[in-house]
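Please open the structure in a viewer and keep the selection tool at hand. The tour proceeds from the whole chain to individual elements.

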Amino acid sequence: MKLQRKNRRALALGALAVSGALALTACGSDETGSSTGGDATGAASSNIKCDDAKGQLLADGSSAQKNAIDAWVAQFSAACKDVQINYKAGGSGAGVTAFTQGQVAFAGSDSALKPEEVEASKKICSGGQGINLPMVGGPVAVGYNLQGVDNLVLDASTIAKIFDSKITNWNDPAIAKLNPDAKLPNLKIQAFHRSDESGTTDNFTKYLIATAKKDFPYEGGKAWQAKGGQSAPQSSGVAQQVKQTNGAIGYFELSYVKDNIKPIKLDTGAAEPVEANIENATKAIAAAKRVGTGKDYALELDYNTKAEGAYPMVLVTYEIVCDKGNKAETLPATKAFLRYIASEDGQKILTENDYAPMPTEIITEVRKTIEGLS
């Protein structure tokens with residue numbers, strides 16, 4: 001397993017270089033608090049700047065990034081013993097609500113703030129507003145549990161029909177056409193979606209709307225809209241249902257693909273079906289366009305790409321924070337934690353946990369913005 005993770009990490013870093021990202025400096029500046037050689041736990045912890053951070057830091061939001069947050073908190077807490085971080089992975093919708101109501105220091109969301117949410121944030125960001133800082137990337141994997149079928153290819157149209165209850169059996173002709181060598185059983189498909197408002201749902205449905213609109217005629221958003229299926233809370237809940245149910249399929253982040261769950265390969269129209277992995281997700285994220293202005297760094301993803309080796313069913317998780325007007329008692333801890341997770345060491349942890357780091361040209365700007373938070 002460790003060897004596989006090292007290989008994934010090497011692929012991810014190689015993909016960043018191919019994307020045209022600027023090379024990271026050998027030794028991090030005081031702003032990032034990072035340096036090379038941060039693979040060892042002790043070295044990574046020693047590079048974390050705590051400043052005057054202390055007290056409890058409350059946060060809520062995206063369950064997609066929970067495994068990343070847990071890994072980050074373990075490192076940060078080892079270095080900054082006076083800070084206690086409590087991240088409640090209640091979903092992107094819950095996180096944004098908690099942020100705009102002033103209940104948390106920052107929120108995690110797999111979708112950028114909507115205009116009305118930015119407006120609401122001005123009430124708690126004295127003299128400022130909420131901004132989106134892209135921090136975590138990765139593929140939205142469509143994972144399945146089907147005994148006897150170890151490899152499965154699906155395209156956008158077929159996925160849309162499965163999750164809208166238009167394809168209900170595993171030996172459906174549409175699935176069989178994409179998988180001529182597979183022994184598909186005569187078994188009912190158990191499709192699972194999120195029960196809570198979720199940025200993962202938002203990105204998953206954005207992909208289907210962009211690529212198979214006629215088969216998925218919905219507006220999209222954080223709340224699930226398609227017909228039928230079964231629901232479960234958070235990515236972990238959907239993954240748990242798929243893991244324990246033969247014939248099940250669901251969507252979640254790559255870090256949840258394990259045990260009995262296998263990821264599909266995505267037929268994008270490229271020469272070969274594309275695997276859901278860090279390297280392929282990074283290729284798609286590197287092509288994203290910045291649509292945020294000022295200190296906001298919201299991105300627009302190209303879900304419809306047919307580039308070879310690019311896996312377009314991706315998401316970017318943003319940490320949402322006030323650009324100005326953060327609470328004085330939590331600002332030092334917020335900046336210290338965000339500074340660390342945006343650092344070279346922090347981003348390296350992502351590849352070790354099945355996430356994709358942000359391309360260098362993006363994360364460099366995010367680091368500058370973090371230093372200017374007030």
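Of the 374 residues in the chain, 56% are buried in this predicted model. With the whole chain selected, display its surface: about 15,300 Å² is exposed, and carbon and sulfur atoms supply 49% of that area. Next, switch to a cartoon view, in which 13 helices and 13 strands belong to the chain. Contacts may then be considered: among those between residues at least 6 apart in sequence, 75% join residues at least 24 apart.

Now select residues 248-253, which form strand β8. Is this strand largely enclosed by the rest of the structure, or open? Strand β8 is largely enclosed, because 6 of its 6 residues are buried.

Keep β8 visible and add residues 130-145, strand β4. The two strands run antiparallel and are joined by 6 bridges. Within this pairing, locate A141, which stands opposite F252 of β8.

Then add strand β6, residues 190-194, which pairs with β8 in the parallel sense over 2 bridges. Here Q190 stands opposite A248 of β8.

Finally, select residues 360-371, helix α13. At 1.5 Å a residue, its 12 residues should span 16 Å, and the end C-alpha atoms lie 17 Å apart, so the two values agree. Colour the buried residues of α13: T360, I362, I363, V366, R367, T369 and I370. An α-helix has 3.6 residues a turn, so residues three or four places apart point the same way. Which elements cover the buried residues of α13? The cover includes strands β4 and β12 (299-300), together with helices α11 (331-342) and α12 (344-351).

Methods:
Residues are numbered from 1 along each chain as its sequence is written. This is a predicted model: local features need pLDDT of at least 70, side-chain atom pairs count only at pLDDT 80 or more; totals for chains, interfaces and linings use all residues. Side-chain values use heavy atoms; hydrogens and water are left out. Buried means under 20% relative accessible area, exposed over 50%, partly exposed in between (1.4 Å probe, protein chains only). Helices (H or I, at least four residues) and strands (E, at least two) are DSSP runs, numbered from the N terminus. Two strands pair if DSSP finds at least two bridges between them. Contact means heavy atoms within 4.5 Å. Accessible areas come from the Shrake-Rupley method with a 1.4 Å probe; for residues, only the protein chains shown count as cover. The expected span of a helix is 1.5 Å times one less than its number of residues.
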